[in-house]
Amino acid sequence: MASAVPEGLRKVLQKPLVKTVDMTAEQSAETVEIVTMAVDKYASTSNYEKASQLIKDTMDKKFGATWHVCIGEGFGFEVTYQ
């Protein structure tokens, strides 16, 4: 049986978690707004291609044409060394 998510945790999970950025605070805030808007718009249909295209087009117009966007489920990575 799944347990209910506590209200305080639910509020935290509704906003994106930004760990590190290499941009100004203003750019970072605008980027979070752009990504949140695009994901909210296309999340119900799981249309990640349109969401990523909307994010890229908006970022290119606001900050110049150097942005790459990857959205999806099940991303992971593995690091090995010897």
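Leaving aside its neighbours within four places in sequence, with which residues is serine 52 in contact? In this predicted model, the partners of serine 52 are Val69 and Ile71. Serine 52 sits in helix H3. Its relative accessible area is 15%, so serine 52 is buried, the cut-off being under 20%.

The overall architecture is described next. The protein has 3 helices and 0 strands. Along the sequence, the pattern reads α-α-α. The chain holds 82 residues, of which 12% count as buried. Among contacts with a separation of 6 or more, 30% join residues 24 or more positions apart.

Helix H2 covers residues 25-42. At 1.5 Å a residue, the 18 residues of H2 should span 26 Å. The end C-alpha atoms of H2 are 26 Å apart, so the expected span and the model agree. Five residue names make up the buried set of H2: Ser28, Thr31, Ile34, Ala38 and Tyr42. These residues cover an arc of only 125° around the axis, and therefore lie on the same side of H2. The face turned away from this buried side carries exposed residues, namely Ala25, Glu26, Glu33 and Asp40. H3 is included in what covers the buried residues of H2.

Threonine 31 gives a closer view of the buried side. This residue belongs to helix H2. Its relative accessibility is 15%, so threonine 31 counts as buried. Leaving aside neighbours within four places in sequence, threonine 31 is in contact with Met23, Met59 and Phe63. One of these partners, Met59, is itself among the buried residues of H3.

The loop between H2 and H3 contains serine 46. Most residues other than glycine have a negative phi. Serine 46 has a positive phi, near 55°. With a relative accessible area of 41%, serine 46 is partly exposed.

Helix H3 follows, with 16 residues at positions 48-63. At 1.5 Å a residue, H3 should span 22 Å. Its end C-alpha atoms are 22 Å apart, so H3 also agrees with the expected span. The buried residues of H3 are Ala51, Ser52, Ile55, Thr58 and Met59. Seen down the helix axis, they fall within an arc of 135°, so they line one face of H3. Exposed residues Glu49 and Lys61 are carried on the face turned away from the buried side. Helix H2 is part of what covers the buried residues of H3. Thus each of the two helices helps to cover the buried residues of the other. After H3 comes glycine 64, whose phi is positive, near 100°.

Pockets were examined next. Rolling a probe the size of a water molecule over the atoms shows where empty space is left. The largest pocket holds about 270 Å³ of space. Its lining runs through Pro16, Leu17, Val18, Thr20, Val21, Asp22 and Met23, and continues with Ser28, Thr31, Val32, Val35 and Thr36. By class, this lining has 7 nonpolar, 4 polar and 1 charged residues. Two of the buried residues of H2, Ser28 and Thr31, appear in the lining of the largest pocket.

The second largest pocket holds about 190 Å³ of space. Thr31, Val35, Val39, Ile55 and Met59 contribute to its lining, together with Trp67, His68, Val69, Cys70 and Ile71. H2 and H3 each supply at least two residues of this lining. The largest share comes from H2, with 3 residues. By class, the lining has 8 nonpolar, 2 polar and no charged residues.

Several residues link these results. Thr31 lines the largest pocket and also the second largest pocket. Val35 likewise appears in the lining of the largest pocket and in that of the second largest pocket. Ile55 and Met59, which are buried in H3, line the second largest pocket. Val69 and Ile71 line the second largest pocket too, and both are in contact with the buried serine 52.

Definitions and conventions. Residues numbered from 1 in each chain as written. Predicted model: local features only at pLDDT ≥ 70, side-chain atom pairs only at ≥ 80, totals over all residues. Heavy atoms only, no water. Helix = DSSP H or I, 4+ residues; strand = E, 2+ residues; numbered from the N terminus. Expected span 1.5 Å × (residues − 1). Buried < 20%, exposed > 50% of the residue type's maximum accessible area, 1.4 Å probe, protein only. Arc of directions from axis to C-beta. Contact = heavy atoms within 4.5 Å. 1 Å grid on protein atoms, 1.4 Å probe; cavity = no way out; pocket = protein on both sides within 12 Å on 5 of 7 lines; lining within 4 Å. Points joined across faces, edges and corners; volume = space filled by probe spheres on them. Nonpolar A, V, L, I, M, F, W, Y, C, P; charged D, E, K, R; others polar.
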